[in-house]
Amino acid sequence: MVPFRSGLTLTERWQRLRDRLLANASFQDWAVRFPLTRPIAKRRAKALFDLSAGFVYSQVLGACVKLRLFDILSEGPKSLDHLAERVSLSRDAAARLLDAAVALRLVERRRNGQFGLGALGAATLGAPGVVAMVEHHAMLYADLRDPVALLRGEQPETSIGNLWPYAAGEHEPGGARGRSLKADDVADYSTLMSSSQPQVSADILAAYRFDKHRCLLDLGGGDGTFLRAVAKAAPNLKLKLLDLPAVAERARARFAAAGLGDRADAYGGDFRAGPLPEGADIISLVRVIHDHDDDVALDILRTACKALPPGGTLLLAEPMAGTAGAETIGAYFDFYLLAMGSGRPRTVEELTAMLRQAGFDGVRLVPTRRTMLVRILVATRS
């Protein structure tokens, strides 16, 4: 774009004009009245209101989840009086909640004054990971009560940071913090990750075939939910998992319970520095890299590269910033990870550059069904 003599490009001049117009109350009033601009003005006014009211919306959803309203309505349409009794609310309070839930398409009004599941309420029932995250968000909302203080580093301890105790030792040499964690320290976050993993696993397995490999090593694999899903899709694949010792112990027990003791091993250790278990021709990092700051993330990728044979494969799967149609995912993870104390969402381009810096080439983006949920980069060791 060729700049004007003022030093501003045509695009920049248009952006300045647009900003002045949109900030002008008289122009806003005109735009709502003028037939050609009225639909745009109304859409933007609603979008701005939704941003302002988003916390209230999330609290309505949280109340529905906490009261198990969707589970009750899954039995069939119910009257207001019946629902009020089932959720232990007064009739007026239940009516207020139901009115809000109807407005958000969580609940629908049915004939004879009854209420049934709305489109979004029904979808929530089919996504237990969403329910787990909604319940979990109570801690996040507490941490975000003063977002400016959080951004300025004036809130040294957070509820989310305490839930993810390994994050507190992000830059400790040798992963001392992780090695000291006990079973009780990792139970809550392991359960949360496990509940939200099935949908992610299903989308990864729909996008990538693991049965062309001999041995898969999953770094930061939690209690093994992802590997148990892979085991069904690729019955001849040898499986290995590396996570914090207390987490690996949980995975070991779940592999045994699933009858995978002869083909799935769980190792306790620090995947940032290694050494990693040997023998894998593919290594997976599922929702791991975005949890770590740049220097640690790069260390993890370099360690994974060294553990693979020449031509070995790395599969990196997580939500990514800048995803078309799902741009808000970056805003969510930016502040979630800020509260956690480490990591940030990265674009495909940023992750590709990191993979190449770590020693990988042939980096390619593999299409997935729900890009907001997970995207996949596959790379080859040089």
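Domain bounds in this tour come from an automatic or database domain assignment, and on that basis the protein chain is divided into domain 1 (28–126) and domain 2 (148–167 + 182–381). Select each domain in turn and give each its own colour; their C-alpha centres lie 35 Å apart.

The structure on screen is a predicted model, in which local features need pLDDT of at least 70 and side-chain atom pairs count only at pLDDT 80 or more, while totals for chains, interfaces and linings use all residues. Residues are numbered from 1 along each chain as its sequence is written, and side-chain values use heavy atoms, with hydrogens and water left out.

**The whole chain**

Begin with the full chain in cartoon view, where 17 helices and 9 strands can be found; helices (H or I, at least four residues) and strands (E, at least two) are DSSP runs, numbered from the N terminus. Along its principal axes the C-alpha trace spans about 70 × 70 × 40 Å. Of the 382 residues, 44% are buried, where buried means under 20% relative accessible area, exposed means over 50%, and partly exposed lies in between, using a 1.4 Å probe and protein chains only. If contacts are taken between residues at least 6 apart in sequence, 66% of them join residues at least 24 apart, a contact being heavy atoms within 4.5 Å.

**Helices α3 and α6**

Next select helix α3 (residues 38–66) together with helix α6 (residues 91–103), whose axes come within 10 Å and cross at roughly 120°. Axes here are lines fitted to C-alpha atoms, for helices over the stretch in contact, and angles run from 0 to 180 degrees between N-to-C directions. Angles under 35 degrees count as roughly parallel, over 145 as roughly antiparallel, 65 to 115 as roughly perpendicular and the rest as oblique, and α3 and α6 are therefore oblique to each other. Their crossing is left-handed; a crossing has that name if the near helix is turned anticlockwise from the far one by less than a right angle, and is right-handed if clockwise. Show side chains to see where the two helices meet, with V60, A63 and C64 on α3 and L97, A100 and A101 on α6.

**Two loops with positive phi**

Move to the loop between α5 (80–86) and α6, where S88 lies. S88 has a positive phi of about 60° although it is not a glycine, and with a relative accessible area of 65% S88 is exposed. Then select N112, in the loop between β1 (107–109) and β2 (115–117). The phi of N112 is near 60°, again a positive value in a residue other than glycine, and N112 counts as exposed at 66% relative accessibility.

**H136 and G153**

Which residues does H136 touch, not counting those up to four places away in sequence? Select H136 in helix α8 (residues 128–143) and display its surroundings: the residues touched are I160, L163, L192 and Y336. H136 counts as buried, at 7% relative accessibility.

From there go to G153, in the loop between α9 (147–151) and α10 (159–163). G153 counts as exposed because its relative accessibility is 57%. A distance drawn from G153 to F34 reads 46 Å, C-alpha to C-alpha, for two residues 119 apart in sequence.

**Helix α15 and its neighbours**

Now select helix α15 (residues 294–307), whose 14 residues should span 20 Å at 1.5 Å a residue, which agrees with end C-alpha atoms 20 Å apart; the expected span is 1.5 Å times one less than the number of residues. Its buried residues are V296, A297, L298, I300, L301, T303, A304 and C305. Add the elements against which those buried residues pack, namely β3 (215–219), β6 (282–286), β7 (313–318), α17 (348–358), β8 (360–366) and β9 (375–381).

Keep α15 and α17 in view, since their axes come within 8 Å and cross at roughly 50°. That angle makes α15 oblique to α17, and α15 passes α17 in a right-handed crossing. The contact is made by D294, A297, L298, L301, R302 and C305 of α15 and by M354, L355, Q357 and A358 of α17.

Finish at T352, which is found in helix α17. Is T352 buried or exposed? At 11% relative accessibility T352 counts as buried, and T352 touches V363 and L377, not counting residues up to four places away in sequence.
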